Amino acid sequence: MFEDGDGMRVLAERIRQLEMRCDKKDIQIEKLNEFRNTVLGFAVAISTTCALIVQFVFNFLNGKSS
């Protein structure tokens, strides 16, 4: 089938290809993690803003009714 040198060369090439695929997957995972962190950051900012608005309106209405 293969002589020893050819088999090792083919095996080394296949390992290199697999390493490249793993590197691409790692980059994709890293980008997804960055996107997730961005979305979570926006969610926290929006929920905090909503809580502050509700608190302001509650305090305003409480102050007005007294």
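Is L61 buried or exposed? I began my notes with this residue of the predicted model, and I found that L61 is exposed, its relative accessible area being 51%.

**Entry: the fold and the surface as a whole**

I looked up the secondary structure next and noted that the chain has 1 helix and 0 strands. Helix α1 covers residues 4–65, and L61, with which I opened, lies in helix α1. I then asked how much of the chain is buried, and wrote down that buried residues make up 0% of its 66 residues. For the surface of the chain I recorded an exposed area of about 6,300 Å², of which carbon and sulfur atoms supply 66%.

**Entry: the nonpolar patch**

Staying with L61, I checked which residues accompany it on the surface, and I found a nonpolar patch formed by I53, F56, V57, F60 and L61. Together these residues have about 520 Å² of accessible area. The 51% that I noted for L61 counts as exposed because the cut-off for that word is over 50%.

**Entry: the negative patch**

I turned to charge and asked which residues gather in a patch of negative charge on the surface. The residues I listed are E19, D23, D26, E30 and E34. I took D26 as my example and placed it in helix α1; its relative accessible area is 48%, and I therefore entered D26 as partly exposed.

**Entry: salt bridges**

How many salt bridges does the structure have? I counted 2 salt bridges, and I went through each pair in turn. As background I reminded myself that side chains of opposite charge can pair when their charged atoms come close.

In one pair, the side chains of D6 and R9 meet with an N to O distance of 3.9 Å, which I checked against the cut-off for a salt bridge, within 4 Å. Both D6 and R9 lie in helix α1, 3 residues apart, about one turn of the helix. I noted D6 as partly exposed at 33% relative accessible area, whereas R9 counts as exposed at 54% relative accessibility.

In the other pair, the side chains of R16 and E13 meet in a salt bridge at 2.6 Å, again taken from N to O. R16 and E13 are separated by about one helical turn, because they stand 3 residues apart in helix α1. I entered R16 as partly exposed at 39% relative accessibility, and E13 likewise counts as partly exposed, at 33%.

**Entry: cysteines**

Lastly I looked for disulfides and wrote down that the structure holds 0 of them. I also looked up how open two cysteines are to the surface: C22 is partly exposed, with a relative accessible area of 47%, and C50 counts as partly exposed at 43% relative accessibility. Neither value reaches the range for buried, because that word requires under 20% relative accessible area.

Technical notes. Residues are numbered from 1 along each chain as its sequence is written. This is a predicted model: local features need pLDDT of at least 70, side-chain atom pairs count only at pLDDT 80 or more; totals for chains, interfaces and linings use all residues. Side-chain values use heavy atoms; hydrogens and water are left out. A disulfide is a pair of cysteine sulfur atoms within 2.5 Å. Buried means under 20% relative accessible area, exposed over 50%, partly exposed in between (1.4 Å probe, protein chains only). Patches are made of residues with over 30% relative accessible area and no salt bridge: like charges are joined within 9 Å, nonpolar side chains (Val, Leu, Ile, Met, Phe, Trp, Tyr) within 5 Å. Accessible areas come from the Shrake-Rupley method with a 1.4 Å probe; for residues, only the protein chains shown count as cover. Lys and Arg count as positive and Asp and Glu as negative; His and the chain ends are not counted. The place of a charge is taken as NZ of Lys, CZ of Arg, CG of Asp or CD of Glu. Helices (H or I, at least four residues) and strands (E, at least two) are DSSP runs, numbered from the N terminus.
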